[in-house]
Amino acid sequence: MVPSLSVSPSVHLDVRPSVEAHKMVREANVKQANAEKQLKEALGKIDVLQAEVQALKTLVLSSPTSPVAELPPAAKAPFRKGHSRNKSTSSAMLGSQPDPAATQPIVRECREVDSQLFAEFKAWKEAPTLDRRCSFLERVYREDIHPCLAFNKSELGSAILDAVEQNTLSVEPVGFQPLPVVKASAVECGGPNGRRAALVTKCALSGQTKTCKHRIKFGDSSNYYYVSPFCRYRITAVCNFFTYIRYIHQGLVKQQDEQMFWEVMQLRREMSYAKLGYYKDQL
């Protein structure tokens, strides 16, 4: 007798619940990431708002038109007999000790006409001249021009001043074209060497190896002298001053005396900054 074989039914697995579960997990992770991002942005906005509020409080408390005596009654410290420390009073009014850096006074730039300088300028303006011996120009030469053009290579600095006075100095960006061969002395001063102009070379005025973006020449001469950005700015500061007083001398400036005076003072300030080491570099 052959025994009967029982065949078990095939097992069928349904994968749909597993896919849906993974989908739900992914959605939950995305929502959590978005929530964390929104929370981070909200906290950042709160920090910015708190900083703005603190800055406004500082302005109000430090303003001379809003003294502490005008604060609301709730913010005033109660009167007590005897001596009290200012620090405690400030803490009672503000609730906490303010940051010393946040209570600095606001500084604004002011200006006032110097009567002696203005008198010298007006006297020069009545009969403008380019003679350095007049009182107005003699002071500018002594206080600004000579110090601004006082370079290590003093002879070249004097030649630059003469060329600026005669309006024969050229300052131009360094190019990459082949340049003519000149004397060896020009190469020593940072002049061209017969090949393509190098950006890093010896500055003709300081004698230091610098990145020289400009070169100068005198009149129609073919000799060029490479100058560093610092030296170039000192030269152009002096050139700008001479350009403006030439315009006044030629009657091309149509302004009030005080307006012209302040323009001259601005040009003198540029020379003062330059001689102290401050300069603007062309990128």
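The following paragraphs describe a small sheet, the helices that touch it, and a buried tryptophan in a predicted model. Local features need pLDDT of at least 70 and side-chain atom pairs count only at pLDDT 80 or more, while totals for chains, interfaces and linings use all residues. Residues are numbered from 1 along each chain as its sequence is written, and side-chain values use heavy atoms, with hydrogens and water left out.

The sheet is open and has 3 strands in the order β1-β4-β5, with antiparallel pairing. β1 and β5 stand at the edges with a single partner strand each, so one side of each has no neighbour in the sheet. Neighbouring strands are turned by 30° against each other on average, direction ignored. Strands here are DSSP runs of E with at least two residues, and helices are runs of H or I with at least four residues, numbered from the N terminus. Two strands pair if DSSP finds at least two bridges between them.

Strand β1 (residues 169-173) is joined to β4 by 5 bridges, and in this pairing glutamate 172 stands opposite arginine 215. On the other pairing, β4 meets strand β5 (residues 225-227) over 3 bridges, again in the antiparallel sense. Here isoleucine 216 stands opposite tyrosine 225, and histidine 214 is opposite valine 227. β4 and β5 form a hairpin with 6 residues between them, and glycine 219 in the turn has a positive phi of about 55°.

Strand β4 (residues 214-218) has 4 of its 5 residues buried, so the rest of the structure largely encloses it. Buried means under 20% relative accessible area, exposed over 50%, and partly exposed in between, with a 1.4 Å probe and protein chains only.

Two helices contact the sheet, where contact means heavy atoms within 4.5 Å. Helix α5 (residues 154-166) packs on the sheet and touches β1, β4 and β5, its direction making about 70° with that of β4. Helix α7 (residues 229-249) lies across β1, β4 and β5 and runs at about 135° to β1. These angles run from 0 to 180 degrees between N-to-C directions, with axes as lines fitted to C-alpha atoms, for helices over the stretch in contact.

Tryptophan 124 is found in helix α3 (residues 115-126) and is buried, with a relative accessible area of 3%. Leaving aside neighbours within four places in sequence, the contacts of tryptophan 124 are Thr129, Cys134, Phe136, Leu137, Ile245 and Ile248. The C-alpha atoms of tryptophan 124 and phenylalanine 136 are separated by 6.4 Å, and the two residues are 12 residues apart along the chain.
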